[in-house]
Amino acid sequence: MSTEPTTPILSVAGVEKRYASGLTALAGVDLEVRRGEIFALLGPNGAGKTTLISIICGTVTMTAGTIRVDGHDIVKDYRRTRSAIGLVPQEIAVDIFATVWNTVRFSRGLFGCAPNPAYIESLLRDLSLWDKRDSKITELSGGMKRRVMIAKALSHEPTLLFLDEPTAGVDVNLRRDMWAVVRRLRERGVTIVLTTHYLEEAEEMADRVGVIDKGRILLVEDTADLMDKMGKRRVTLALQTPMTAIPPELAGWPLELLSDGQRLRYSFDTHAEGTGIAALLKRLGELGIDFTDLDTERSSLEDIFISLVERA
Amino acid sequence: MPGINLHGMWAIYRTEMQRAFRTVWQSIATPVITTALYFVVFGAAIGSHMQQMGGVDYGAFIVPGLMMLTILTQSISNASIAIYFPKFTGTISEILSAPLSAFEAVIAYVGAAATKSVIIGLIILLTATFFVKIEILHPVWMVAFLLITSIAFSLFGFIIGIWAKSFEQLAIIPSLVVTPLTFLGGAFYSIEMLSQPWRTISLFNPVVYLISGFRWSFHGVGDVSVAASLAFMAGFIALCLAVLWCMFRTGYRLKS
Ligand SMILES: Nc1ncnc2c1ncn2[C@@H]1O[C@H](COP(=O)(O)OP(=O)(O)OP(=O)(O)O)[C@@H](O)[C@H]1O
Ligand SMILES: [Mg+2]
């Protein structure tokens, strides 16, 4: 049953977490992640993202609920589920006296895999760590340490990879390398769950996004659908002669005046039938309002995210 | 999927042993120098004024006690640091997220700590042979006591490492409890030499049973019977395992 392609790779049901301090970090989370997708979990600081990931990986205990990985219960069948999971934690924690090679080999063994130097070599090469294989962790820069964390997480060839804010404090090169690695993993069928505060990243990388706030999932949606459904588009016109107010003839249109009346902005839903741009331009022509430039833009996931979290 | 994560246990054991080999000279020099010092102070300075004790030379008499003293403190400090340090640096989360049972983790960590203790014990024995002539009457029992003590106190150290919230707490039990008990437990004398009520009171000191059993394996005489020594060790190991079992069941100080 567990190998049916329809079984979600990860299913979280009714998960609650109350820390010893009395703080409720998760207030009933239900979530399913599909096999082979890239899933982005978004939420403000303290929303419960790391808590949820830590529970799935076994470093934090849950107060209530059930979690299945590939159909197996993470508590009863922890050996099986944990062997399948790789985790790049938010905080870098690695034995600083060990060498890069030793710590990655250690992780592979720890997760129950027979030694495979060829695989570790390819992993280190992919992450541009091969030259540093004999360096001690203390001798590495922060970005390199993060690469080591990724190598450790991938050392046992997991099928479900968690990246908890992998790009926080990381330079452009590493970010690009990392997304290249993520894409390659996805091609090999690895499911990836990531959290990030860079929403353009989620928008670009993720097949689906989930938004979590105050320990509750607010929404889970295909990234493209979400952009369609909630995204707004707008057209901004640079006016030839500035206006002091929107003419009464245009009262029916959702327009705004910007930059001291030099620009006119028209916003509309992406999914609205007939955008009305043509009609607007025609009407402007009839009223003798000329413009020198025209600019169109779409609202980003970031705007959607902010409006969602503010509404909650 | 195999029922035991042997690769995982080996990974921990090997890494723990490597840590000792990184500082191999320090690991060897410390017990060698300490032993030599004890022989100079106790063996030469005091021993020359002492008669034989229990039919053996005083120098030879203190060898088992000296080994025990070092094994107890080394086992506790090795095992407690092995688990406390990952807790302190956060690398413990990797161990907690691994497909490894708590019992397997204990075997690996305690096994490595106990191995180091046994090696150090043997180094002390070897160093001692440069100072005194040593005969071991029951070598198999000697090895058995060495192993059991190393394992028992590594388990105890592991518990301290999980329990401790600071480096001070880590050091407090070894220095405030174990070292005094060892000195008072007949490491350097026979409790037969004590007058009452101190002799009876000493029988409540658990370390007496360890040293006595170990000394018996060397010289064939001890303060208490070998059976009592073995029973004590078995009880101590059982108690440590029970405490650990409770700790892991509740995620005590390891998982939030
Ligand atoms: N060990 C802990 N003990 C008590 N409270 C905790 C613990 N870990 C986290 N919390 C609390 O639980 C809540 C959720 O924290 P969590 O780390 O899961 O948030 P997050 O979504 O990962 O945030 P961020 O984006 O800042 O990483 C926060 O209010 C946090 O203070
Ligand atoms: Mg977090």
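For the residue classes used below, Ala, Val, Leu, Ile, Met, Phe, Trp, Tyr, Cys and Pro count as nonpolar, Asp, Glu, Lys and Arg as charged, and the others, Gly among them, as polar.

**View 1. The shell of residues around ligand 1 in the predicted model.** Ligand 1 is placed between chains A and B, and 16 residues surround it, the closest being Asn45(A), Gly46(A), Lys49(A), Thr50(A) and Thr51(A). Sorted by class, this shell holds nine polar, five nonpolar and two charged residues. The element that gives the most to the shell is helix α1 (residues 49-57) of chain A, which supplies three residues.

**View 2. Polar contacts of Asn45(A), Gly46(A) and Lys49(A) with oxygen atoms of ligand 1.** A polar side-chain atom of Asn45(A) comes to 2.8 Å from an oxygen atom of the ligand, while Gly46(A) uses a backbone N or O atom, also placed 2.8 Å from a ligand oxygen atom. In the side chain of Lys49(A), an N or O atom is 2.7 Å from an oxygen atom of ligand 1. Of the 640 Å² of accessible area that ligand 1 has on its own, the protein covers 67%.

**View 3. Glu165(A), a residue with positive phi in a loop of chain A.** Although Glu165(A) is not a glycine, its phi is positive, at about 50 degrees. The loop that holds Glu165(A) runs between β7 (160-164) and α6 (172-187), and the residue is buried because its relative accessible area is 10%, under the 20% limit.

**View 4. Lys214(A) in the loop between β9 and β10 of chain A.** Lys214(A), likewise not a glycine, has a positive phi of about 50 degrees. The flanking strands are β9 (208-213) and β10 (216-222), and Lys214(A) counts as exposed because its relative accessibility of 60% is over 50%.

Terms used
Residues are numbered from 1 along each chain as its sequence is written. Chains are lettered from A and ligands numbered from 1 in the order in which they are written. This is a predicted model: local features need pLDDT of at least 70, side-chain atom pairs count only at pLDDT 80 or more; totals for chains, interfaces and linings use all residues. Side-chain values use heavy atoms; hydrogens and water are left out. A residue is near a molecule or strand if one of its heavy atoms lies within 4 Å of it. A polar contact is a pair of N or O atoms within 3.5 Å; within protein, one must be able to donate a hydrogen and the other to accept it, and residues adjacent in sequence count only if both atoms are side-chain atoms. Accessible areas come from the Shrake-Rupley method with a 1.4 Å probe; for residues, only the protein chains shown count as cover. Helices (H or I, at least four residues) and strands (E, at least two) are DSSP runs, numbered from the N terminus. Buried means under 20% relative accessible area, exposed over 50%, partly exposed in between (1.4 Å probe, protein chains only).
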